[in-house]
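Good morning, colleagues. Please take a moment with the sequence and the structure before we go through the contacts together.

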Amino acid sequence: MFFLASSFLQKLEQWDQWLFTKVNNDLTNPFFDYLFPVMRASRNWAPLYLFFVVFAIANFKIKGLWWVVLLAVTVALTDMSGNYLFKKMFERPRPCSDPDFFMHVRLLVNHCSYGFSFVSNHAANHFGVATFFLVTMRPIFKKWTAIALIWAGLISYAQIYVGVHYPFDVLAGALLGLTLGACTGRLFNKRYGFTIFDNKPTTSS
């Protein structure tokens, strides 16, 4: 039984490395080489984050403030879970720092992080934020909230493209973010919940 489990895990790692090589080495072009390193940098998204914080508080007052608090809780949960629940447990080297694999990596960032690879915190954090946004803002933005998941998916894909995470790291991080974002989003909806009529003045007949 142990041999079968070990053999299966080795096979999974081979598939993971094969898929990483396809994304990082084969499915490349100069435009993506410029785009994905820019996309994965959180500081480049700061104006967007600030916009939604201001939007929520300006339009929904106390509800909006609680939305910001639960959004911050979502990021904290995904980040701490990724670091302490997974990375420290599995201690998987990143592709760019794995002594048996780094020669196959096209590294498109300035340095390879010293942290472990499984799970991808970028994927966990961004999918957590995207899912929280989708669950809580759907009454306001309707079907457009799905763009948040596309955004998170592109940023997560960028982790593979630039050479700092394997695909399974990203997949596991995305699932972690989806789960925690859905939980905090439902908690917010249960306690507060936005509607498009929150700030419309009432009229008397």
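Which residues make the nonpolar surface patch of about 820 Å²? The model before us is a predicted one, and in it the patch is formed by Ile57, Ile62, Leu65, Trp66, Val69, Val73, Leu77, Met80 and Tyr84. Let me take one member, valine 73, as an example. Valine 73 sits in helix 3, which covers residues 46-90. Its relative accessibility is 35%, so valine 73 counts as partly exposed.

I turn next to the aromatic residues. How many aromatic pairs does the count give? The count comes to 27 aromatic pairs. In one of them, the ring centres of phenylalanine 55 and phenylalanine 60 are 6.2 Å apart with the planes at 70 degrees, and the pair is therefore edge-to-face. Phenylalanine 60 has a relative accessible area of 9% and is buried. Phenylalanine 133 and phenylalanine 141 make another pair: the centres of their rings lie 5.9 Å apart and the planes stand at 25 degrees, so this pair is stacked. Within this stacked pair, phenylalanine 133 is buried, at 13% relative accessibility, whereas phenylalanine 141, at 25%, is partly exposed.

These four rings also belong to a wider grouping. One aromatic cluster is formed by Phe51, Phe52, Phe55, Phe60, Trp66, Trp67, Phe132, Phe133, Phe141, Phe188, Tyr192 and Phe194. Trp66 therefore appears in two of our lists, as a member of this cluster because its ring is paired, and as a member of the nonpolar surface patch.

Now to the cysteines. The structure holds 1 disulfide, and a disulfide is a covalent bond between the sulfur atoms of two cysteines. Here the partners are cysteine 96 and cysteine 112, with their sulfur atoms 1.9 Å apart. The link between cysteine 96 and cysteine 112 is right-handed, with 70 degrees about the S-S bond. What does the disulfide tie together? Cysteine 96 and cysteine 112 both lie in the loop between helix 3 and helix 4 (121-141), so the bond joins parts that are 16 residues apart in sequence. Cysteine 96 is buried, at a relative accessible area of 14%, and cysteine 112 is buried as well, at 15%. Cysteine 183, by contrast, is partly exposed, with a relative accessible area of 49%.

Let me move to the salt bridges. Side chains of opposite charge can pair when their charged atoms come close. The count for this model is 4 salt bridges, and I shall describe several of them.

Aspartate 26 and lysine 22 meet through their side chains at 3.7 Å, N to O. Because aspartate 26 and lysine 22 are 4 residues apart in helix 1 (residues 2-26), about one helical turn separates them. Aspartate 26 is partly exposed, at 44% relative accessibility, and lysine 22 is partly exposed, at 29%.

Arginine 106 and aspartate 33 form a salt bridge at 3.0 Å, N to O. This one links distant parts of the chain: arginine 106 is in the loop between helix 3 and helix 4, aspartate 33 is in helix 2 (residues 30-39), and their positions lie 73 residues apart in sequence. Arginine 106 is partly exposed, with a relative accessible area of 24%, as is aspartate 33, with 26%.

Aspartate 169 and arginine 92 meet in a salt bridge at 2.9 Å, N to O. Again distant parts of the chain are linked, aspartate 169 being in helix 6 (residues 167-191) and arginine 92 in the loop between helix 3 and helix 4, 77 residues apart. Are these two residues buried or exposed? Both aspartate 169 and arginine 92 are buried. Asp16 joins them, and Asp16, Arg92 and Asp169 are linked in a network of salt bridges.

Two brief items remain, beginning with helix 5. Helix 5 (residues 147-161) has 15 residues, which at 1.5 Å a residue should span 21 Å, and its end C-alpha atoms are 21 Å apart, in agreement. Its buried residues are Ala148, Trp151, Ala152, Ile155, Ser156, Ala158, Gln159, Ile160 and Tyr161. After helix 5 comes glycine 163, which has a positive phi near 100 degrees.

Finally, histidine 126 is found in helix 4 and is buried, at 5% relative accessibility. Histidine 126 and threonine 78 are 48 residues apart in sequence, yet their C-alpha atoms are 9.0 Å apart in space.

Terms used
Residues are numbered from 1 along each chain as its sequence is written. This is a predicted model: local features need pLDDT of at least 70, side-chain atom pairs count only at pLDDT 80 or more; totals for chains, interfaces and linings use all residues. Side-chain values use heavy atoms; hydrogens and water are left out. Patches are made of residues with over 30% relative accessible area and no salt bridge: like charges are joined within 9 Å, nonpolar side chains (Val, Leu, Ile, Met, Phe, Trp, Tyr) within 5 Å. Accessible areas come from the Shrake-Rupley method with a 1.4 Å probe; for residues, only the protein chains shown count as cover. Helices (H or I, at least four residues) and strands (E, at least two) are DSSP runs, numbered from the N terminus. Buried means under 20% relative accessible area, exposed over 50%, partly exposed in between (1.4 Å probe, protein chains only). Rings of Phe, Tyr and Trp (its six-membered ring) pair if their centres lie within 6.5 Å; planes under 30 degrees apart count as stacked, over 60 as edge-to-face and the rest as tilted. A disulfide is a pair of cysteine sulfur atoms within 2.5 Å. The expected span of a helix is 1.5 Å times one less than its number of residues.
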